[in-house]
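Me: I'd like to go through this chain with you, one question at a time. Can you keep it friendly?

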Amino acid sequence: MDEASTQQLQQAQLAAILGQDPAPFETLISSLMSSSNDQRSQAELAFNLCKQNDPDSLSLKLAHLLQLSPHPDARAMAAVLLRKLLTRDDAYLWPRLNLNTQSSIKSILLSCVQHEQAKSILKKLCDTVSELASGILPENGWPELLPFMFQCVSSDSPKLQESAFLIFAQLSQYIGETLVSFIKELHGVFLQCLNSSPSFDVKIAALNAVINFIQCLSSSSDRDRFQDLLPAMMRTLTEALNNGNEATAQEALELLIELAGTEPRFLRRQLVDVVGAMLQIAEAQSLEEGTRHLAIEFVITLAEARERAPGMMRKLPQFISRLFAILMNMLLDVEDDPAWHTAETEDEDAGESSNYSVGQECLDRLAISLGGNTIVPVASEQLPVYFSAPEWQKHHAALIALAQIAEGCSKVMLKNLEQVVNMVLNSFQHPHPRVRWAAINAIGQLSTDLGPDLQNQYHQRVLPALAASMDDFQNPRVQAHAASAVLNFSENCTPEILTPYLDGIVSKLLVLLQNGKQMVQEGALTALASVADSSQEHFQKYYDAVMPYLKAILVNATDKSNRMLRAKSMECISLVGMAVGKDKFRDDAKQVMDVLMSLQGSQMEADDPTTSYMLQAWARLCKCLGQDFLPYMSVVMPPLLLSAQLKPDVTITSADSDNEIDDSDDESMETITLGDKRIGIKTSVLEEKATACNMLCCYADELKEGFFPWIDQVAPTLVPLLKFYFHEEVRKAAVSAMPELLRSAKLAVEKGIAQGRNEAYVKQLSDYIIPALVEALHKEPDTEICANMLDALNECLQISGTLVEESQVRSVVDEIKQVITASSSRKRERAERAKAEDFDAEEGELIKEENEQEEEVFDQVGEILGTLIKTFKASFLPYFDELSSYLTPMWGKDKTPEERRIAICIFDDVAEQCRESALKYYDTFLPFLLEACNDENPDVRQAAVYGLGVCAEFGANMFKPLVGESLSRLNVVLRHPNAKLAENVMAYDNAVSALGKICQFHRDSIDASQVIPAWLNCLPITGDLIEAKVVHEQLCSMVERSDGEILGPNNQFLPKIVSVFAEVLCGKDLATESTASRMVNLLRHLKQTLPPDTLASTWSLLLPQQQMALQSILPS
């Protein structure tokens, strides 16, 4: 059919749908609701055609359908479609409608609000009104609306009141600032309804509107005007409960939880009443669990609202104690389910109630949000009663609670470690297996949260206790859990601590491996893997006993019920292989890889854990075998690339839709709400993707140039994932891989194994990667990943060197400005938080931790600038000038030592790399540098005295006038009583080096007969090995040319010089090979030329070991 006739057909279709006869339009709308995909997509095409060609008629048709159709479904659909047409998105329709249409739609919508009876349609209708109003009300495009809403609110129709409040609530979210001018009227209306409306539905709608409105008030005085509503807001909740209307009470609680999370300070003045009421609800046994859980959620949310109301809840110790008691009581709700004992099923939670799991989760959150100083005193008061009670449930609850609070209370618990460990280890003997399980569980958790202190101090008690629990053959679940706890314990443990226990533990784990219960076998495999990983080469002794069992499981565990067992055997074999090393593992490695290769080729079900475990096992085998692994890459890479390229399995629904995402109780779905969309993501897909990306990074890192053949496939897979916001691990892996890919390409080209590719290929890759990293950095929300990205960018710039183009340098510099600005504003926000009325020491600690992460960002900025200066030298200086307004403030006394150190290092790099081109900066920066030489922070001192040495070497006449002050500044560093302590030695060594530079380059400006012997007296230096080589080479040169000042009058400094040489030659890495051999020649020469008595007296001043060392070096 030609184009003209297609158009005629379309025109006819439009005319019919939008014509006088309502039937075709109604048919179209019902087709849009059809369950048949074909019918629906045909209808969508027609609908879009109407929208493009005649939006006026379409909008009016929908409005009339909404007003007049007898069918509720059609009215509901019309409301939804109208809302979509009026949404301000790319296809915003309203401005295209003529004024008459606009005015008809506005009046029809308001008339429908008055007359629509069906509640579910009314709600959709209010959504449509709010959507349109949010677009046109701020420009006064709907002057009738607010008077209409105030009229509804003051009418005696509960239905109209509720509708008006629904619209108020949405407008507060969309265009709150437009409503603020009506604050006085709204306050009156809200108060009136909350106090006196007989209808619960109206009260809930009013409560929702109030809470949304409070959130849009930016000034605290405006918020204070609403304080008097709070008692009425709380009464909505209590009256609903007193009337037995728990569904309404739960709605009210959900709204109040939202308020607690977003505007906690609003509750501050009435905190005692509000929290008291919530705890009363939580304690009321007669109420539904759901209601009580929401009341607890409210109090926990307040405790967690740290950024908005820091420290507020810590001021209420009596409530915290009550809440802790409520949560402890919930932990008692656990049954002794027979399924738990047999351990036939994976079901860890057998016998646990929803009360139990809420109690567990809330203890963890409470401890993390309030911290140990608040929680530990409460726990110390309540837990002993539970520990000493006769009922097993109470003892069990105390152990579970201890494990739950450990993360948040770790600092305080470490101070009472003895007491904590005793409580747990005494429970290992309890007659009830569930209590013994909980004790093991607590040790596992504490090993993670209180490690490595727990491991270092209590290994001699904990490991034997766990080993004994592995003998509990009556209770396989206890055995399996003991094996898992060995994993937690050994993860934070050094080989020295673990090795003495290996005989006992490995032999028990081998017994468990042969157990009939799969759960026990799996636990034993994981524990063996972890023990091997932690003990490294010490595990070789057990290899021959363990490996046959592991291979047997790998080969024989083939049916579906054993999938996890086989997967864990792969993990264990690969970790054992890495621990014992290539030589020991080589013979078995081939056999294991053959099994993996055959599995790789087989079809696996989507939920089979084997895939993920196999990806990781391959990568470990590669780390173990190094280049010997290359032949297997062609098997490993294709499926790995597929996993890395997995599309996230995403379902999108509208956030207010009633149809929750299917399987919302499904563990593997995670939902996030973005704007008005609810997004559900299948987490198993994301985890597989993250694992695969990590593995790609491992291979590139391990195989270096050997990875070259895969770069062309891997780079386009990983570069887009720098902006994969669904999963942090995916982004982190992609970031880490960038420098590895570049390095692999560069090495392959240098070694001539790049399949004929040359440096142009490295440049092409670098031009692809570096801009992508800069762009991703610009959008990265997470501070830690920002630091990772800067680190990766720095490595890429180092690898690419001068291949980096001017435009890329420009974008990196612009991004650095952004990074510094963003970081400074985050710090300012934290400083503001510190001014809050309830701010306390715990909050101070948390802010300190956040700021430390910020330093990591600054650190990386300094590294990148250093790299650019080293690469481009003086041609980078125009950019340095641009950045100086960002960098100069970092020298300030108000900045952290780390920031000052970074600023100094950047200047040091400029002075060292740009030499005479950098002289123009000396006037600005040298005064700072000199002052920083005596900073109380040793890292700042080190950077400053190093810089002084650089300026002495390259500063020529610019430096001359400062020689005197420099000497006195260096003198302070060198004479410091603790100059040679570990934390100060680097600053000391760099000061010695700087003094040497002044002696070498500015001898005519100093009193050489005083300064040079003083310098000699500081030698040798042994802390900073780079400077040591420079300084000892300088000494060597001076002696070679018989420098009078260094030898002293009558060669009186010779004994000192000989002893320095002796120390340098006996030391490790204190001089380059050529300097060392020059020193040996000088010593031989001295031995031959000096008079015997001078020689003897020199010799006698040496230490015995130096004399012996020299005798072995020098021919007698």
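Me: Why is Cys-624 not bonded to the closest cysteine sulfur, and how far away is that sulfur?
Reply: First, a bit of background: this is a predicted model, so local features need pLDDT of at least 70 and side-chain atom pairs count only at pLDDT 80 or more, while totals for chains, interfaces and linings use all residues. Residues are numbered from 1 along each chain as its sequence is written, and side-chain values use heavy atoms, with hydrogens and water left out. A disulfide is a pair of cysteine sulfur atoms within 2.5 Å. The closest cysteine sulfur to that of Cys-624 sits in Cys-622, and that is too far for a bond because the gap is 9.7 Å.

Me: And Cys-999, which cysteine has the sulfur nearest to it?
Reply: Cys-999 is in no disulfide either. Cys-999 counts as buried because its relative accessibility is 2% (buried is under 20% relative accessible area, exposed over 50%, partly exposed in between, with a 1.4 Å probe and protein chains only). The nearest sulfur is 9.8 Å away and belongs to Cys-1018.

Me: How many disulfides does that leave?
Reply: Go by the sulfur rule, and the count comes to 0.

Me: OK, on to charges. Which residue does Glu-780 meet in a salt bridge?
Reply: A salt bridge here is a side-chain nitrogen of Lys or Arg within 4 Å of a carboxyl oxygen of Asp or Glu, and the count comes to 56. Glu-780 is in the loop between α38 (759-779) and α39 (783-800), and its partner is 49 residues apart in helix α37 (residues 728-750); helices are DSSP runs (H or I, at least four residues), numbered from the N terminus. Both partners are buried. At 2.8 Å, N to O, the partner is Arg-731.

Me: Which residue does Glu-784 pair with?
Reply: Glu-784 is in helix α39 and its partner is in helix α37, 52 residues apart. Glu-784 counts as partly exposed, because its relative accessibility is 36%. The closest N and O atoms are 3.7 Å apart, and the partner is Lys-732.

Me: Is Lys-817 buried or exposed?
Reply: Lys-817 is in helix α40 (residues 806-833) and links to Glu-882 in helix α42 (residues 877-887), 65 residues apart. Their side chains meet in a salt bridge at 2.6 Å, N to O. Glu-882 has 29% relative accessibility, so it counts as partly exposed. Lys-817 has a relative accessible area of 16%, so it is buried.

Me: What span does UniProt list for "domain: TOG"?
Reply: That name comes from an unreviewed UniProt entry, and such annotations may be inferred rather than shown by experiment. The span is 78% helix and 0% strand, with its end C-alpha atoms 38 Å apart. UniProt lists residues 369-610.

Me: Where does UniProt place "repeat: HEAT"?
Reply: That stretch is 80% helix and 0% strand, and its end C-alpha atoms are 14 Å apart. The record, again an unreviewed entry, puts the feature at residues 925-949.

Me: Last one: by class, how many charged residues line the second largest pocket?
Reply: A pocket is an open set of points on a 1 Å grid over the protein atoms alone, where a 1.4 Å probe fits, with protein on both sides within 12 Å along at least five of seven lines; lining residues have an atom within 4 Å of a point. Of the 26 lining residues, those closest to the centre include Glu-605 and Glu-688. Asp, Glu, Lys and Arg count as charged. The lining has 10 nonpolar and 9 polar residues, and the charged ones number 7.

Conventions:
Helix = DSSP H or I, 4+ residues; strand = E, 2+ residues; numbered from the N terminus.
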